[in-house]
Amino acid sequence: MANLQSTFLGIKSPNPFWLASAPPTDKKTNVIRAFEAGWGGVVWKTLGTQVKNVSSRYSALNYGRKAVGFNNIELISDRPLEVNLREIREVLKLFPDRAMIISLMADNNRKNWHEMVKKAQDTGAHGLELNFGCPHGMVERGMGAAVGQDPEIAKMVVEWVMEVANIPVITKLTPNVHSAVPGAIAAFEGGTNGLSLINTIQSVTGIDLDTLIPNPNVGGQSVFGGYCGPAVKPIALKMVTTIAQEERLRNIPISGIGGVTTWKDAVEFMLLGASNVQVCTAAMIYGFKIVTDLCDGMSNWMDERGYTSINDFVGLSVPRITKWEQLDINFHIEANINQEKCIHCGLCYISCEDTSHQAITVERGNPYNTYTIKEEECVGCNLCKIVCPVNDCITMVEHRKGSEYLNWIEYQKRGLPLNDH
Ligand SMILES: Cc1cc2nc3c(=O)[nH]c(=O)nc-3n(C[C@H](O)[C@H](O)[C@H](O)COP(=O)(O)O)c2cc1C
Ligand code: SF4
Ligand code: SF4
């Protein structure tokens, strides 16, 4: 049986699944239930200056299934600091084997950051996470993403924190930037021990077409919210990869966040360089019990592949993401339809005919039409496979155009033909 034990910056947890700083981790009663359910650790809801929240706070993008994307305009913890700190101490006593990280966001001055760090580490927590990512509410006050979006300020704040921190510090990055790398480098130069990403992405999830008021509606108005959930996973994976590939960051430990819902999502983050993952939306939508599936799924997958520890696969897919000019132009695939599985819906034909390469023929019939691939026309774009509603009905078959690896740079040097399709 694979061992899911995780060590992140020296902080041990029985599995690599932490709850991200958010409502699931904002009070003792939640965190106790989360630990009873089996979560390896939590990042406590961000502590900072006192705030006042509004109502309503959440909205969602439903596309086929509920809340494929989730949006919030909540602020940091709106509970008194002393209550949070007391509860953190109590939970630490009850669950000494779980990771307890405290998320912090202080006013932008050295003294306040020093005070917050000292109060937080006095609880006995195992680590701190700096919230440089919250994109709403706190930004207007010069905090959250306002810090993360300015590498100079980010570096300065991390330096302040490191002056007094005596436990590991993780800097949580904002995705509301062109690239996460400058902010990550700034945090690294400031002395951060680890990085976590992503926080939420600024968004408008939709408008109520009866009232014409965008969601979430706060008395007839709205603001840009923070987007998360399955819809943001591809963006988060990309940002994690850019950090994992950055030589100047010298293999800094990464905690991956953004849309983790299933064990497969978690494995993907880890294959792209995250040493553990954090989860928020999936716990909010499905409850704490999903951690059982996360653990079982990852453990079974590891057993199947012969991995005994999570470190056996962290980062394995990072070198597989390269620059476009390095891709092999001689690699070529063509679609193949399994006529026994086909239900003759014609969706592949419509897609290829209307928007791709007119590479599928239709033979009109009664009671149904038959679809076949014109191999010489197929560019191997994958579109028909993506739209086909039957699993494994369309497969992509390799038909190389040449035996050697040939990239774009070499292709140009040789003056080989362009615009041939
Ligand atoms: C309602 C809500 C409140 C959040 N509050 C915080 C917060 O206080 N501090 C923080 O660092 N991130 C906060 N986040 C961001 C999450 O920690 C996480 O980075 C983000 O939701 C992406 O993960 P997910 O797709 O698993 O939800 C919040 C997210 C939501 C949905
Ligand atoms: S892979 Fe693309 S080009 Fe080929 S048949 Fe499918 S949709 Fe058409
Ligand atoms: S989309 Fe799939 S099931 Fe539908 S006709 Fe094409 S191959 Fe058959």
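**Exercise 1.** What distance separates the centres of domain 1 and domain 2, taken over C-alpha atoms?

*Solution.* This is a predicted model, in which local features need pLDDT of at least 70 and side-chain atom pairs count only at pLDDT 80 or more, while totals for chains, interfaces and linings use all residues. Residues are numbered from 1 along each chain as its sequence is written, and chains are lettered from A and ligands numbered from 1 in the order in which they are written. Begin with the bounds, which come from an automatic or database domain assignment: domain 1 covers 6–320 and domain 2 covers 324–413. The centres of the two domains, taken over C-alpha atoms, are then 40 Å apart.

**Exercise 2.** Describe the barrel and the pairing of strand 10 with strand 15.

*Solution.* Helices (H or I, at least four residues) and strands (E, at least two) are DSSP runs numbered from the N terminus, and two strands pair if DSSP finds at least two bridges between them. With parallel pairing, 8 strands close into a barrel in the order 3-4-7-8-9-10-15-16. On average, neighbouring strands of this sheet are turned by 25° against each other, direction ignored, where axes are lines fitted to C-alpha atoms, for helices over the stretch in contact, and angles run from 0 to 180 degrees between N-to-C directions. Strand 10 (residues 194–197) and strand 15 (residues 254–257) are joined in the parallel sense by 3 bridges, and Ser 196 stands opposite Ser 255 in strand 15. Helix 7 (residues 233–245) packs on the sheet, where it touches strand 10 and strand 15, and its direction makes about 165° with that of strand 15.

**Exercise 3.** Explain why helix 8 is described as largely enclosed.

*Solution.* First locate helix 8 (residues 263–271), which packs on the sheet and touches strand 3 (17–19), strand 15 and strand 16 (276–279). Next apply the burial rule, by which a residue is buried if 20 or more other C-beta atoms lie within 10 Å of its own, exposed if 12 or fewer, and partly exposed in between, with C-beta atoms placed from the backbone. Because 7 of the 9 residues of helix 8 are buried, the rest of the structure largely encloses this helix. Among the buried residues are Trp 263, Phe 269 and Met 270, and the elements covering them include helix 7 and helix 10 (290–305).

**Exercise 4.** Is Asn 108 buried or partly exposed?

*Solution.* Asn 108 lies in the loop between strand 7 (99–105) and helix 3 (110–121). With 16 other C-beta atoms within 10 Å, Asn 108 is partly exposed.

How values were computed. Contact = placed C-beta atoms within 7 Å.
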